[in-house]
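Open the model in your viewer and follow the stops below in order, selecting each group of residues as it is named.

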Amino acid sequence: MLITIKDDFNLFKICNSGQCFRCPTVNGYTRFIFRNHILYIKQLSDESYDISCTEELWNTIWLPYFDLTRSYKKIRRLTTKDTFMKKATREGLGIRILRQDPWEMVITFILSQRKSIPAIKKSVEALCTHFGSLVTTEHEIVYLFPTPEQLKDATDDILSECGLGYRLPYVKDAVEQALYNTIVTNEWYEFDDHTLFTMLKSIKGVGDKVANCIMLFGYNRIGRAPVDTWIEKIINTKYNGVDPFPSYGDVAGVMQQYAFYYSLKHKDEF
């Protein structure tokens, strides 16, 4: 099916902005997975895209997933008085905050600590291959992200093979809590930011940065701006140690993504 996207949208930048780790290019299409839904999407022209799903699924699953009801063009206009962020938005033009599955984000960002992006991708893919459901599409064989039920009998040996390292007990604890419906329940979508942040930090291995990542990429709380090593460098080198993101209010997380992507492309500046 053909669709038109008029707002900022760049598949490469979305996939390489540090928020998702399973969106490779397959036969010229970029693949995204949300729970048991798989999308293949390819850009045909400036605003035209070919997608592999029905109109109904696009509107109910993927439109929210790509946050396409929000104008990122308007968000970029907020940087007129911020020299660095203006450069960062130009560099990252096309990035969008994906509305991903919170359970996957909990495990993914627990794993992300002290790992490079390639290492995170390798660990996440290994978890999926060992424990996730197999799906055959017209392009490839895909493994979905494993549910808590699929991970409940995972042995330490196999989890170690997936590269979990010191994070292994954190993942096992999150699985156990999820099985008992004490974390990441449907009710968590309704929590205010403070409550959600507090509940996420109650999960072993989840600190401030990881909690904010889960809120931003799993719950679409785009006012949250996680501070990792690169963002800290930006704050110190470009803003004399004063965090600029709170000044952007309820779109601070979008600005964080622009800044983070810029830092990956210009590491020599920091």
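**Stop one: the sheet**

Begin by selecting Thr4 and Ser48, since Ser48 in strand E5 is the bridge partner of Thr4. The model is a predicted one, in which local features require pLDDT of at least 70 and side-chain atom pairs count only at pLDDT 80 or more, while totals for chains, interfaces and linings use all residues. Residues are numbered from 1 along each chain as its sequence is written, and side-chain values use heavy atoms, with hydrogens and water left out.

Now show E1 and E5 together: they run antiparallel and are joined by 3 bridges. Strands here are DSSP runs of E with at least two residues, helices are runs of H or I with at least four, and both are numbered from the N terminus; two strands pair if DSSP finds at least two bridges between them.

Extend the selection to the whole open sheet, whose 5 strands follow the order E1-E5-E4-E3-E2 with antiparallel pairing. Strand E1 (2–4) and strand E2 (25–26) stand at the edges, and because each has a single partner strand, one side of each is left without a neighbour in the sheet. In general, strands of a sheet pair through backbone hydrogen bonds, either parallel or antiparallel.

**Stop two: two hairpins**

Select residues 29–34 and 37–43, which are strands E3 and E4, paired in the antiparallel sense over 5 bridges. Within this pair, Arg31 stands opposite Tyr40 of E4. The two strands form a hairpin with 2 residues between them, and Arg35, in the turn, has a positive phi of about 55°.

Next add residues 48–51, strand E5, which runs antiparallel to E4 and is joined to it by 3 bridges. Here Ile41 has Ile51 in E5 as its bridge partner, and E4 and E5 form a hairpin with 4 residues between them.

**Stop three: the cavity**

How many cavities of 30 Å³ or more does a search of the whole structure find? The search finds 1. A cavity is a set of points, on a 1 Å grid over the protein atoms alone, where a 1.4 Å probe fits but cannot get out, and its lining residues have an atom within 4 Å of a point. About 110 Å³ of space lies in the largest cavity, where volume is the space filled by probe spheres set on the grid points, joined across faces, edges and corners.

Select Arg22, Ile33, Tyr65, Gln100 and Glu104, which lie nearest the centre of this cavity among its 15 lining residues. E3 and helix H5 (102–111) each supply at least two residues of the lining, with the largest share, 4 residues, coming from E3.

**Stop four: the nonpolar cores**

Move to Trp103 and Leu200, the residues with the most contacts inside the largest nonpolar core, which has 67 residues. Such a core is a set of buried Ala, Val, Leu, Ile, Met, Phe, Trp, Tyr and Cys residues joined through side-chain atoms within 4.5 Å, with buried meaning under 20% relative accessible area (1.4 Å probe, protein chains only). Helix H13 (residues 252–265) gives the most to this core, with 8 residues. Apart from it lies another core, of 22 residues, including Cys15, Phe32, Cys53 and Trp62.

**Stop five: cysteines**

Finally, select Cys162, which is in no disulfide and has its nearest cysteine sulfur, that of Cys128, 9.2 Å away. The structure holds 0 disulfides, a disulfide being a pair of cysteine sulfur atoms within 2.5 Å. Cys162 counts as buried, at 2% relative accessibility.

Technical notes
Buried means under 20% relative accessible area, exposed over 50%, partly exposed in between (1.4 Å probe, protein chains only). On a 1 Å grid over the protein atoms alone, a cavity is a set of points where a 1.4 Å probe fits but cannot get out, and a pocket is an open set with protein on both sides within 12 Å along at least five of seven lines; lining residues have an atom within 4 Å of a point.
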